[in-house]
Amino acid sequence: MKEEKYILFDQYLQGELTDEARLDFEKKLSENHELASEFETFKEVQIQLETKFDFAADRDAFTANLKTISKEHFEPEKTKVISIKPWMYMIAASVVLLLGLFLFNPSKPGFEEYNQYENAYLTERGTVSENLKQAETAFNAKDYKAAIPFFETVLKENKSAEIQYFYGVSLLEDNQIQKAETVFNEIKSGNSIYKNKAIYALALAKLKQKDYQSCKEILLTIPSDYEHYDKVHELLDKLD
Amino acid sequence: MAKNTVHPDQYLIEGLANNDSAIIRSIYKKFVPKVVSYIRNNSGDEDQAQDVVQEIMILLFNQAKAKQLQLTCPFDAYFFLLCKRKWLNELKKTSNKAVTISDDFTSTNEPTAEMVSQTEVFEEKQQLFDAMFQRLGEKCQEVLKWSFTLKSMEEVAEKLNVTYGYVRKKKSLCTGQLTQWIQEHSSFKSLKK
């Protein structure tokens, strides 16, 4: 099994295997070229992850410092005076004109710019229900219509905010907006980690119906510590 | 990784990795002017030269931090060739003019060419990795991010409000998913020596 293989890789690297299991794994590595190559890639991925995250703060500091030094280095030479020719004024004037047109005729943001959802990972915590698995697969394949009946079956036995959320998203995507709103409102009244996601989804439902005013009002109720507040902020900006 | 002896200029690489301002300034003073004049003589301007230099410096920082940068040739030639090739690639991307970058390596001695190609391979792998990482689901991204930021998996579990067993498993599986995609990616095969 693929999953067991990766778990074994990680346990080996973390030094969590018994001596026996470790020797057995090393033996397999020496015999199986394909496994060894995969293990090499796995190790490389770990190094990349370390580089990406462990040094993130260092990298930011380095980049900032680099920019300052670079500016110091290049600035002294940048004092050339550029003479403005008449045709340049023409261009500048037309740019201002175009900008004006753009500003006074702003386009409203569209639902399609914001309906990107995380994948559902619902079946990894112990008991696996076939319906849940099907729902997850259909959802992640963006086949929302197909996912809906599976979610409905699952929710009859096992109601969790997480499953409800993905059910709601499927409804929203399938244009069953009222039904979707009912589901999101129910999550909203609870206290799960999906609460803010549900409120955001309610705003998206309004956006989909081009009800910009309600969309904005709902967005304003999302607390700023919401994990995807940047999207909220961006959408609010565009609605203004 | 080359097993040749490390060149004395390695201190410049260490300086970059340690964000040592004096070293960074000295690189700008000693090695950057040559890059700038090359780019200005090849359809570029000073701003573009500044960008190329910054990109290469950040690349070297990353490679050094990943402990994969052991200089076996003089920094001067290595740095110049990296910037030059980056610039020629930029030109190739932005213009329709045919730009040939084929025979750069012929005029260069071998350790330098070898060093430059190591760094370029590192960059390509990093770009591939970043692209694949973006393909992961939100939960995977989150678990991996915290797994490689916080000190222990217990802290990660606490942070994400899930069990230790769950984050451990998720971390292994998400790293595994990346492994699988990268293995499948054809360019990885050609990059892997």
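This passage walks through a predicted model, looking at the place where two chains meet, the make-up of chain B and one helix of chain A.

The meeting of the two chains is a good place to start. Chain A brings 34 residues to the contact, and chain B brings 37 residues. On the chain A side, the elements that supply two or more residues are helix 1 (2–13), helix 3 (33–54) and helix 4 (56–74). Of these, helix 3 of chain A gives the most, with twelve residues. Sorted by class, the side of chain A that touches chain B holds 15 nonpolar, nine polar and ten charged residues.

Turning to chain B itself, the picture is one of helices: there are ten of them and zero strands. Read from the N terminus, the order of elements in chain B is therefore simple to follow, α-α-α-α-α-α-α-α-α-α. Of the 193 residues in chain B, 32% are buried. Among contacts in chain B between residues at least 6 apart in sequence, 66% link residues at least 24 apart.

Back in chain A, helix 6 (residues 130–140) offers a helpful close-up. Its buried residues are A:Leu132, A:Ala135, A:Glu136, A:Ala138 and A:Phe139. An α-helix makes one turn every 3.6 residues, so residues three or four places apart point the same way. The partners of the buried residues of helix 6 are helix 7 (144–157) and helix 8 (161–173) of chain A, against which they pack. After helix 6 of chain A comes A:Lys142, which has a positive phi, near 60°.

Conventions. Residues are numbered from 1 along each chain as its sequence is written. Chains are lettered from A and ligands numbered from 1 in the order in which they are written. This is a predicted model: local features need pLDDT of at least 70, side-chain atom pairs count only at pLDDT 80 or more; totals for chains, interfaces and linings use all residues. Two residues are in contact if their C-beta atoms, placed from the backbone, lie within 7 Å. Helices (H or I, at least four residues) and strands (E, at least two) are DSSP runs, numbered from the N terminus. Ala, Val, Leu, Ile, Met, Phe, Trp, Tyr, Cys and Pro count as nonpolar, Asp, Glu, Lys and Arg as charged, and the others, Gly among them, as polar. A residue is buried if 20 or more other C-beta atoms lie within 10 Å of its own, exposed if 12 or fewer, and partly exposed in between; C-beta atoms are placed from the backbone.
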